[in-house]
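Work through the following exercises with the sequence and the model beside you, and try each task before you read its solution.

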Amino acid sequence: MAEPSTDTKPTALITGASRGLGAAIARELAPTHDLLLGARSADSLTDILAELPDATPWPVELTDYDAVARAATSIERLDVLVHNAGVAEELATIAESSVTQWRNTLEANLIAVAELTRLLLPALRAAKGHVVLINSGAGLRANPRWAVYAASKFGLRAFGDALRQEESDLRVTSIHPGRIDTDMQRTIVEGEQRDYRPNEFLTPETVARTIRNALETPRDAHPTEIVLRPIPR
């Protein structure tokens, strides 16, 4: 009688997995990974869990650091951590931007990422894992009215660069996509007071496929930064 297989899938935690790009990443990785799907609430994960019933919900508010610490204790080994959750508040000039807007954006897009990563470092080290940071074109250049968001993404890039050098057993990939066809993008375009044309933007599926390709890069290479730009269709 054959011995039962002891092979297990690698485990991936995806934050912001309830919809948009996060849900597309979950669908892309589901055949090859055991998934932990992060979101602010269990209810928001209902639809994606109906699609991916083998996935495990991981609902926690990422800026509630006590709750994050409790949720992280159950993860002893983690092969992939995809930081997808983030915010893009209403665009404004520096003159119009409030302290609250600066705090909320930096908290969600940078500080929460740093803390979750710190808490999961033992699990990532155990697996010699891969951290994927969903950054932005705004993490490479700053345009008018984008100072708050761009500052958070420039900071995220710096965080990834430092983590990559400090944790030599981990791979750290910063993904810098152009604009993606998501609900968040619709809100941004509405604030820009122009018509929304989906064919101007990357599809979530294209970005998700790029992330899978980065994860599947052989271990003799380190995909450090990937930049994607949309081609209008």
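Helices (H or I, at least four residues) and strands (E, at least two) are DSSP runs, numbered from the N terminus. The model is a predicted one, in which local features need pLDDT of at least 70 and side-chain atom pairs count only at pLDDT 80 or more, while totals for chains, interfaces and linings use all residues. Residues are numbered from 1 along each chain as its sequence is written, and side-chain values use heavy atoms, with hydrogens and water left out.

**Exercise 1.** State the order of the strands in the open sheet, and find which strands are at its edges.

*Solution.* Begin with the pairing, for which DSSP must find at least two bridges between two strands. Seven strands then make up an open sheet with parallel pairing, in the order β3-β2-β1-β4-β5-β6-β7. Next, look for strands that pair on one side only, and these edge strands are β3 (56-59) and β7 (225-228). As a detailed case, take β1 (residues 11-14) and β2 (residues 34-39), which pair in the parallel sense over four bridges; here A12 has L35 of β2 as its bridge partner.

**Exercise 2.** Determine which strands helix α1 touches.

*Solution.* Contact means heavy atoms within 4.5 Å. By that rule helix α1 (residues 20-29), which packs on the sheet, touches β1, β2, β4 (80-83) and β5 (130-134).

**Exercise 3.** Describe the lining of the largest pocket, and name the helix that gives the most to it.

*Solution.* First fix the term: on a 1 Å grid over the protein atoms alone, a pocket is an open set of points where a 1.4 Å probe fits, with protein on both sides within 12 Å along at least five of seven lines, and lining residues have an atom within 4 Å of a point. There are 47 lining residues, and N84, G86, V87, A88 and M184 are the closest to the centre of the largest pocket. Then compare the contributors: α6 gives the most, with six residues, and α1, β2, α4, α5 (147-166) and α6 (183-191) each supply at least two.

**Exercise 4.** Explain what the salt bridge between E28 and R209 ties together.

*Solution.* A salt bridge requires a side-chain nitrogen of Lys or Arg within 4 Å of a carboxyl oxygen of Asp or Glu, and the count comes to 13. In the pair E28 and R209, the closest N and O atoms are 3.3 Å apart. Since E28 lies in helix α1 and R209 in helix α7 (residues 204-215), the pair ties together parts that are 181 residues apart in sequence.

Conventions: Axes are lines fitted to C-alpha atoms, for helices over the stretch in contact, and angles run from 0 to 180 degrees between N-to-C directions.
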